[in-house]
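These are my notebook entries on a structure that I looked up. I record in turn a pair of helices, a nonpolar core and several single residues.

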Amino acid sequence: MFDDYQKSKVYAWEDTHIAPRIDTSNKSENFLSSLCKHMWKAIGRVNPPSVYEYSAYKKKSTGNRYTILFAPQMMNEHILVHELAHSLNHVEDDSSNGDSHGPNYVADYILLLTTFYGFDVLELLYTCQTAGIHVNQSRLYNAMAELKG
């Protein structure tokens, strides 16, 4: 088992800096699946994770390389981007669990936020720093450069 040492910090940062700026209204499974496929393709990846509503989950959603499962009351874009960052983290780290909410995950999350939601990378890095969240900045900047071609 690994230590997800910055999970609570990431959740608090999201609540303050991310969730208020992304649509948190519930969406259909089809909408979120289409959005997931669009984002995955736009960042140059193939075979996006499948998206499902999972009624057995009451208070959480989860994502890995192959699947994103949503609790019925959490089917929104904010949760999709959070879980899609987990999916991307699993691909890039070539492991079964990525680094959960660690520096590589946060870099992938910031990549998605800046690419698809217009967040400013320097603002996100600053807010992460003030929240005590570690970010793999070289991973982030390399991924951003790849997207620009």
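Entry 1, a helix pair. I worked with a predicted model. I first looked up helix α1 (residues 7–18) and helix α5 (residues 121–131), whose axes come within 10 Å and cross at roughly 135°. At this angle α1 is oblique to α5, because an angle must be over 145 degrees to count as roughly antiparallel. I noted the hand of the crossing as well: α1 passes α5 in a right-handed manner. On the α1 side, I found that the contact is made by Lys-9, Trp-13, His-17 and Ile-18, and on the α5 side by Leu-124, Thr-127, Cys-128 and Ala-131. I sorted the residues of this contact by type and recorded five nonpolar, two polar and one charged.

Entry 2, the core. Which residues have the most contacts inside the largest nonpolar core? I found Trp-13, Ile-110 and Leu-113, in a core of 42 residues. I then listed the elements that each supply at least two residues of this core: α1, α2, β3 (67–70), α3 (77–93), α4, α5 and α6 (137–148). The largest share, eight residues, comes from α4. I recalled that in soluble globular proteins nonpolar side chains tend to be buried together. For Leu-113, I set aside neighbours within four places in sequence and found contacts with Trp-13, Ile-18, Ile-22, Val-81, Gly-118, Phe-119 and Leu-124. Trp-13, Ile-18 and Leu-124 had already appeared in my entry on the contact of α1 with α5.

Entry 3, two residues of α4. I looked up Ala-107, which lies in helix α4. Is Ala-107 buried or exposed? Its relative accessible area is 1%, so I entered Ala-107 as buried. Not counting residues up to four places away in sequence, Ala-107 touches Val-135, Asn-136, Arg-139 and Leu-140. I also compared Ala-107 with His-38: they are 69 residues apart in sequence and 20 Å apart in space, C-alpha to C-alpha.

Asp-108 has its place in helix α4 (residues 103–117). I entered Asp-108 as buried too, because its relative accessible area is 4%, and under 20% counts as buried. With the same exclusion of residues up to four places away, Asp-108 touches Ala-85, Leu-88, Asn-89 and Arg-139. Arg-139 is thus listed for Ala-107 and for Asp-108.

Entry 4, a loop residue. I turned to Asn-47, in the loop between α2 (29–42) and β1 (50–53). Its phi is near 55°, a positive value in a residue other than glycine. I noted this because most residues other than glycine have a negative phi. Asn-47 is exposed, with a relative accessible area of 56%.

Note on methods. Residues are numbered from 1 along each chain as its sequence is written. This is a predicted model: local features need pLDDT of at least 70, side-chain atom pairs count only at pLDDT 80 or more; totals for chains, interfaces and linings use all residues. Side-chain values use heavy atoms; hydrogens and water are left out. Axes are lines fitted to C-alpha atoms, for helices over the stretch in contact, and angles run from 0 to 180 degrees between N-to-C directions. Angles under 35 degrees count as roughly parallel, over 145 as roughly antiparallel, 65 to 115 as roughly perpendicular and the rest as oblique. A crossing is left-handed if the near helix is turned anticlockwise from the far one by less than a right angle, and right-handed if clockwise. Contact means heavy atoms within 4.5 Å. Ala, Val, Leu, Ile, Met, Phe, Trp, Tyr, Cys and Pro count as nonpolar, Asp, Glu, Lys and Arg as charged, and the others, Gly among them, as polar. Buried means under 20% relative accessible area, exposed over 50%, partly exposed in between (1.4 Å probe, protein chains only). A nonpolar core is a set of buried Ala, Val, Leu, Ile, Met, Phe, Trp, Tyr and Cys residues joined through side-chain atoms within 4.5 Å.
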